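Colleague: I would like to learn how to read a few features of a protein model, one after another. Could you take me through them slowly?

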Amino acid sequence: MSPRAQLTALVTFMAMAGLFMMASPRTMKRLQSFVLEAVAPFAATGSGVQRQMWAFTEGLKNLEQLEAENAQLHERLRLLEAENQLLQGFFEENSRLRQALEYKERSTFRLIAARVEMREPGLWWSTVSINRGKRHGIRENMPVLTEQGLVGRVSNVGEISAKVLLISDETSKISAIVEGTTERGVVSGERVVDTKNPVLRLEYLSKQANLQRGQKVYSSGVGGVFPYGLLIGHVDSFTVRGLDGRAEVLPAADLNLIENVFVVDPDEEQ
Amino acid sequence: MIRLFFVLLIVLYLAVGIGTMIPPAAWFGGARVLPLHSVFVFAAAALPLYPSLMLAFLVGLVWDLMTIPIDSTGSAIFLGWSVIYFGIVAFLLQGFGSSIAQGRWEAHAMVAGIVASLHVLLEFLQITLVRSVEAPPEFTPLLYLRIFGTGSLTLLVSPLVYYFLMLAEHFCGRPVRSQLDPYTRPLL
């Protein structure tokens, strides 16, 4: 190929790349949805294979371990049933008191069940794709959770799928409160974390916070994206920096093994 | 050559899908295998400039759209930069086809590893540039392990990719090998 033809090819290529780079966010989002749906045939099996590989690396359990785990789970189930009965009583009492005070009953949001179809193949962002999109009522910024706790928020919606930005991503910011204290802070992820045990940062706490290991961290409801009271994780450690305090938080949900999630529709009550 | 182009296009699509199935290696700093990069290096070396650039455009576009988060304000980093990256790789690998045809699988593996590591390193530097004020970069051993581990893992799977692509090349009538002169052409 002559140098002139090579130059023409390069110039044409650069012009096409430049055109693509100048596309509006709306066009980019549409293109992204299109690409995600094009790889959807792999996605369903892909996430299953990934989960199995993760589970395999977690280690196989022998019969004795399984028996012990089963006994523990039974005990926990009994405990939770007892707790649930107790809480039911509190709930009824709370409702009566609220009625007496003419409080509006706390709304319960509609949950849309979804399945994780694909994990992001890159290295610096923590996102997953779910098998629900516009057609199922999913919109941008809807919170996503599992029965264990908060997972993330919807960042981009396609017709039949959506992308979820996980709480372990560096750009995820959630206003949070800590159980049993008046402390408020912002929970965010990190760009480079141990993928096996991702840790979240809880920043902008007071220096006197003195948080203890195991304290629960919930969403504060400030910011309008995440409703109040969603469990984010548990405090792992607390350190004092120059101007504020900072805690490391272990996410409540296992972000490596999430399979079934719920998307919270804040505008529609159950 | 046209048949090889379309076969490579299909293989690239499969590589995208397989890439999503392989989880990050937690024992290796969260490094990943990037089969797409390995296949692309083969394609860029085996094909002439025009089809290589076409593949570079598609691969860069798909990679960016699959990995970079986009919200209503725009993308996290320059969407489309990978198109230029793969374009430059395609341009630089022109003329590398003869070594592929001669069976130099180790050369393909080395280049694939370098291309994968360099891509994730440039991606990291771009994020650092965009977010340097709010999130200053922390250059930890884990970071280096992730960047160079990705190249190493890609290098390790590349001989397998090379083997399958040489089979595909054989199926397409050996267009890459036919470019060699008869005295340097491998026997198999």
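**Reading a cavity, a sheet and some backbone angles**

Modeller: Let us begin with the second largest cavity, whose lining is made up of A:P121, B:A15, B:V16, B:G19, B:R32, B:V33, B:L34, B:P35, B:L36, B:W63 and B:M66. This is a predicted model, in which local features need pLDDT of at least 70 and side-chain atom pairs count only at pLDDT 80 or more, while totals for chains, interfaces and linings use all residues. Residues are numbered from 1 along each chain as its sequence is written, chains are lettered from A and ligands numbered from 1 in the order in which they are written, and side-chain values use heavy atoms, with hydrogens and water left out.

Colleague: What is a cavity, and how much space lies in the second largest one?

Modeller: On a 1 Å grid over the protein atoms alone, a cavity is a set of points where a 1.4 Å probe fits but cannot get out, and lining residues have an atom within 4 Å of a point. Grid points are joined across faces, edges and corners, and the volume is the space filled by probe spheres set on the points. Here the count comes to 3 cavities of 30 Å³ or more, and the second largest holds about 90 Å³.

Colleague: Which helices supply its lining, and what kinds of residue are found there?

Modeller: Helices (H or I, at least four residues) and strands (E, at least two) are DSSP runs, numbered from the N terminus. In chain B, α1 (2-21), α2 (35-46) and α3 (49-67) each supply at least two residues of this lining, and the largest share, 3 residues, comes from α1(B). If Ala, Val, Leu, Ile, Met, Phe, Trp, Tyr, Cys and Pro count as nonpolar, Asp, Glu, Lys and Arg as charged, and the others, Gly among them, as polar, then the lining divides into 9 nonpolar, 1 polar and 1 charged.

Colleague: How do I read strand pairing, and which strands pair with β4(A)?

Modeller: Two strands pair if DSSP finds at least two bridges between them. Strand β3 (residues 143-145) of chain A runs antiparallel to β4(A) and is joined to it by 3 bridges, one of which links A:L145 with A:L150. On the other pairing, β4(A) and strand β5 (residues 162-166) of chain A are antiparallel over 5 bridges, with A:G152 partnered by A:L166. A hairpin through 4 residues leads from β3(A) to β4(A), and another hairpin, through 4 residues, leads from β4(A) to β5(A).

Colleague: Is β4(A) buried or exposed?

Modeller: Buried means under 20% relative accessible area, exposed over 50%, and partly exposed in between (1.4 Å probe, protein chains only). Strand β4 (residues 150-157) of chain A is mostly covered, with 8 of its 8 residues buried.

Colleague: What should I look for in the phi angle of a residue such as A:N141?

Modeller: Most residues other than glycine have a negative phi. A:N141, although not a glycine, has a positive phi of about 70°; A:N141 sits in the loop between β2 and β3 of chain A and, at 32% relative accessibility, counts as partly exposed. A:Y204 likewise has a positive phi, near 65°, but lies in strand β8 (residues 200-205) of chain A, and its relative accessibility of 55% is why A:Y204 counts as exposed.

Notes: On a 1 Å grid over the protein atoms alone, a cavity is a set of points where a 1.4 Å probe fits but cannot get out, and a pocket is an open set with protein on both sides within 12 Å along at least five of seven lines; lining residues have an atom within 4 Å of a point.
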